[in-house]
Amino acid sequence: MLDNVRIARMLSETADLMEIAQEDGFRIRSYRNAAASIESQPESVLEMLKDPSKKVTDIKGIGKGIAHVLTEIAERGSFERRDEILTRYPPTALELLKIQGLGPKSIALLWEHYRVSTIDQLEALCKEGKLRELPRMGQKLEEKVLRSIEIYRRGAGRFLVSYADEVAAALCDWLGEVAPPGKIHVAGSYRRGKETIGDLDLLVETTDAPAVLERFVHAPGVGEVLGKGTNKASAQVGGQNLQVDVRALPAESLGAALQYFTGSKEHNIALRTRAVSRKFTLNEYGLFREGETVAVASAKEEDIYHELGLAWIPPELRENTGEIERAEANTLPALVDLADIRGDLHMHTVESDGRATLEEMALAAKALGYEYVAITDHSKALAMANGLDEKRVLAFARLVQAINKEGHLGIHVLAGIECDILRDGRMDLDDEALAALDIVIGSVHSYMNQESPEMTARLLRAVENPYLRVMGHPTGRVLLHRDPFPFDFDTVAGACAKNHVAMEINSSPERLDLHASLIRAAKSRGVRFVVDTDAHLPRHLGNMKFGVKMARRGWLEKADVLNALPLHGLMKAMRRRPS
Ligand code: DGT
Ligand code: CA
Ligand code: CA
Ligand code: ZN
C-alpha cells in the first residue's frame, strides 16, 4: 500500500525532527510505532478513514492522538505537529541524519551554533575545521563525516533493492486490473539483480496503452508525474520518491523492448556492435536486416540472441564482462536458482538480537520448503546484542540435539553461531564451544577501520581456526552507508579455499555482501559459498531471492553453493577439517 508508505514516511520524518529537537522520548516512540504499523498495514488507512464501519484505532500502535494526525493528513496533506517543528528546523536537516557519525543531538548542535542544515554546509564546516570546535566533536569525527558525505553523494538517488521490490510488487498488483500478471515485466537494473536501483523500468504488454498509463498515474503512492505520453509515463512513487518509467507496448515488440531496457548499457552496446558487424540493426523495436523494415526478431528476447548467433543470456550476466563470448561458444554457466536452495544458514533469535524464537524461525524456514536451517546467534563480544558465551553455547548445542532427536519441528536444525572475529583475528569463543556446533560463521563487527595489512592478517588468522566454516558478510559493506573495509581480498580468498572455509553471500538487502566481481574472483580461487539471509525475524527469510541474484551475478552454479546440497552433503562439508 503505497499511500500507507508515504504516510509512514511523514510520521517517521516528524519523529526524526522531534529527536533533533530533543523532545519527549515517549511521544517520539509513539510516532515511530505508528509509522511501522501503518507501513505494514495491507489496507489503505486513508480509505479506512472514509469508511464509517472501520476504525483506524483498531490498528496496533494507533491511539487517539495518531488517529487525529491521520485525519489531518487526509484533509490537508500535513499536520500541525509537523508544520510547527518545520518552522524550527528545515526539512533539509533530515538529510543530515543520513550521514554516519551524526546523531540527532549533533545535528541540533550544528543548527544552533552554525545554522547548518545541508550537506554542502556541513562539508564546508568540516573542511574549515570548525566542527571540532563544538563540544564532544573532534578532528577524527570531521574526517569520518567527510568520508561519510562522499559515500552518501555516491549513493544519492539510488535505492535498496528491497524497497524497489516493494514498489514494483505494489504496482504490478495495481496494474493487474488492466494487464494480467504475465504481461507486466520489470526490466532495467532490477531484472539484472543489481544491489541498488536507480529507477524502475516497467514494460507492459497491451493493446490499450492509454488505459495502462492512465491507471499507472493514478496508482496509490504516485507523487509527482514527471511525464505522460502515448506509450510512456514516468512518475515518482512511494515514500522515498523512486522514479518509475512505464512503457506500454504491443506483444510484437515485447522481446526487443525487454532486451533493450534490461541493459546494461555496456551489454547493449556490445550486442549492437555485433549486430552491425553481421549487417543487422538492433533497437528497442526489433532486430532488422540492413535496409529492411520487417523485423527478423522482436516478440521474443530469445530469438534476438539466437539470430545473432548467441545463446540466450540470463539478465544477471548482462554486464559485458565475458557473457557474450561465452554465449557464442554456448558455454554459459548453468546459474544457481532460488529453487536449488535447501536451507538457510544464518539467522538470529531472541537469544541475541533477533525478534523471534528458535521454533518460530525454524517453522518459518520449514514453510519455505527448506530441508534444514541453522540458528546462528551472536557471540559474547556483541554484548549489546546479548551474544552467547561458552556456557550458553554448550547448552544451546544440547538443546538443538534434543530438538532434532524429538523431531517435532519437522525440519533439521543445525546448531550454529555467528562468532565475532576479534581485533587480532582470534575467535570470540574457545575451541571447546566451537567444537560443539554444526556451523561456525566468523564475522567482523568491530575495529573495521583497521588498515589493510592489519585487517588482512586478522582475517587470515581467523581462517586458520579449524572450526571456522563460513566467512560472514566478508567485506562489511553496508549499502549506501559504509564502504567495504580494506583488505587483500585475493589472499584471504585463497586461504579460504585452502582451509575449506566458505564465503557468505549475505542476502540482507542492506548488505548484499559479497559483490558480484568479488564472488567471481573468489570462485576463480576455488572458494565455495553459502547464500543465507542473516534474518532477525521470520519475514527476513524471504530475502534469500536477493542473495541468489547476487550469486547469479557472480556466475555461480548450483555446485558452488553449499546450501544447495542435501543435508548429508552439507554436514560433510561442515565437518571439522582434518588438521
Ligand atoms: P539504474 O536505473 O541506474 O539502476 O540502471 P538501469 O540499467 O536500469 O538504467 P536505466 O534505467 O537508465 O536504463 C534502463 C536500460 O535501458 C539500461 O540498462 C539500458 C537501456 N538504456 C538506457 N539508456 C541507454 C543508452 O543511452 N544506450 C543504450 N545502449 N542503452 C540504454
Ligand atoms: Ca532503471
Ligand atoms: Ca529508467
Ligand atoms: Zn553479522
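User: Let's start with the open sheet of seven strands. What order do they come in, and is the pairing parallel or antiparallel?
Analyst: This is a predicted model. In it, the seven strands run in the order 10-11-12-13-14-15-16. The pairing is parallel.

User: Which strands stand at the edges?
Analyst: Strand 10 (343–344) and strand 16 (529–532). Each has a single partner strand, so one side of each lacks a neighbour in the sheet.

User: How many bridges join strand 10 to strand 11?
Analyst: Two, and the strands run parallel. Gly 343 has Tyr 372 of strand 11 as its bridge partner. Asp 344 is bridged to Val 373.

User: Which helices pack on that sheet?
Analyst: Helix 21 (residues 489–498) is one of them, touching strand 14 (470–471) and strand 15 (502–506). The direction of helix 21 makes about 120° with that of strand 15. Helix 23 (residues 544–553) packs on the sheet too, and touches strand 10, strand 15 and strand 16. Its direction makes about 150° with that of strand 16.

User: Back to strand 11. How many of its residues are buried?
Analyst: Seven of the seven. Strand 11 is therefore largely enclosed by the rest of the structure.

User: Which elements do the buried residues of helix 18 pack against?
Analyst: Strand 11 (372–378) and strand 12 (412–420), plus helix 17 (358–367) and helix 19 (431–435).

User: Which residues of helix 18 are the buried ones?
Analyst: Glu 390, Val 393, Phe 396, Ala 397, Val 400 and Ile 403. Looking down the axis of helix 18, these buried residues fall within an arc of 135°, so they line one face.

User: And which exposed residues sit on the face turned away?
Analyst: Lys 391, Arg 398, Gln 401, Lys 405 and Glu 406.

User: What span should helix 18 have, and what does the model give?
Analyst: Helix 18 has 17 residues (390–406), and at 1.5 Å a residue it should span 24 Å. The end C-alpha atoms are 25 Å apart, which agrees.

User: What comes after helix 18?
Analyst: Gly 407. Its phi is positive, near 75°.

User: Switching to metals. What coordinates the zinc ion (ligand 4)?
Analyst: Glu 418 through OE, and His 445 and His 473 through NE2. The distances are 2.0 to 2.2 Å.

User: How are those donors spaced in sequence?
Analyst: As E-x26-H-x27-H. Glu 418 in strand 12 and His 473 in the loop between strand 14 and helix 21 are 55 residues apart, so to speak a link between distant parts of the chain.

User: Are Glu 418 and His 473 buried or exposed?
Analyst: Glu 418 is buried, with a relative accessible area of 0%. His 473 is buried as well, with 2%.

User: What else is in the loop between strand 14 and helix 21?
Analyst: Thr 475 is found there. At 4% relative accessibility, Thr 475 counts as buried.

User: What does Thr 475 touch?
Analyst: Leaving out residues up to four places away in sequence, Thr 475 touches Pro 484, Phe 485, Phe 487, Asp 513, Leu 514 and Leu 518.

User: Now calcium. Which residues donate to the calcium ion (ligand 3)?
Analyst: Asp 199, Asp 201 and Asp 245, through OD atoms, with Asp 199 listed twice. These donors lie 2.2 to 2.7 Å from the ion. The spacing in sequence is D-x1-D-x43-D.

User: How far apart are the calcium ion (ligand 3) and the calcium ion (ligand 2)?
Analyst: 3.8 Å, and Asp 199 coordinates both.

User: How accessible are Asp 199 and Asp 201?
Analyst: Asp 199 is partly exposed, at 24% relative accessible area. Asp 201 counts as buried, at 11%.

User: What about the five-strand sheet? What's its order?
Analyst: The order is 2-4-7-6-5, in an open sheet with mixed pairing. Strand 2 (184–186) and strand 5 (222–228) are the edge strands, each pairing on one side only. Neighbouring strands are turned by 25° against each other on average, ignoring direction.

User: How do strand 4 and strand 7 pair?
Analyst: In the parallel sense, over six bridges, with strand 4 covering residues 200–205 and strand 7 residues 242–249. Leu 203 stands opposite Arg 247 in strand 7.

User: Which helices go with this sheet?
Analyst: Helix 10 (residues 161–175) lies across strand 2, strand 4, strand 6 (232–237) and strand 7, at about 20° to strand 4. Helix 13 (residues 254–262) touches strand 2, strand 4 and strand 7, and its direction makes about 175° with that of strand 4.

Technical notes:
Residues numbered from 1 in each chain as written. Chains lettered and ligands numbered in written order. Predicted model: local features only at pLDDT ≥ 70, side-chain atom pairs only at ≥ 80, totals over all residues. Heavy atoms only, no water. Helix = DSSP H or I, 4+ residues; strand = E, 2+ residues; numbered from the N terminus. Expected span 1.5 Å × (residues − 1). Buried < 20%, exposed > 50% of the residue type's maximum accessible area, 1.4 Å probe, protein only. Arc of directions from axis to C-beta. Contact = heavy atoms within 4.5 Å. Pairing = 2+ DSSP bridges. Axes fitted to C-alpha atoms, helices over the stretch in contact; angles between N-to-C directions. Donors = N, O, S within 2.8 Å, 3.2 Å for Na, K, Ca; no water.
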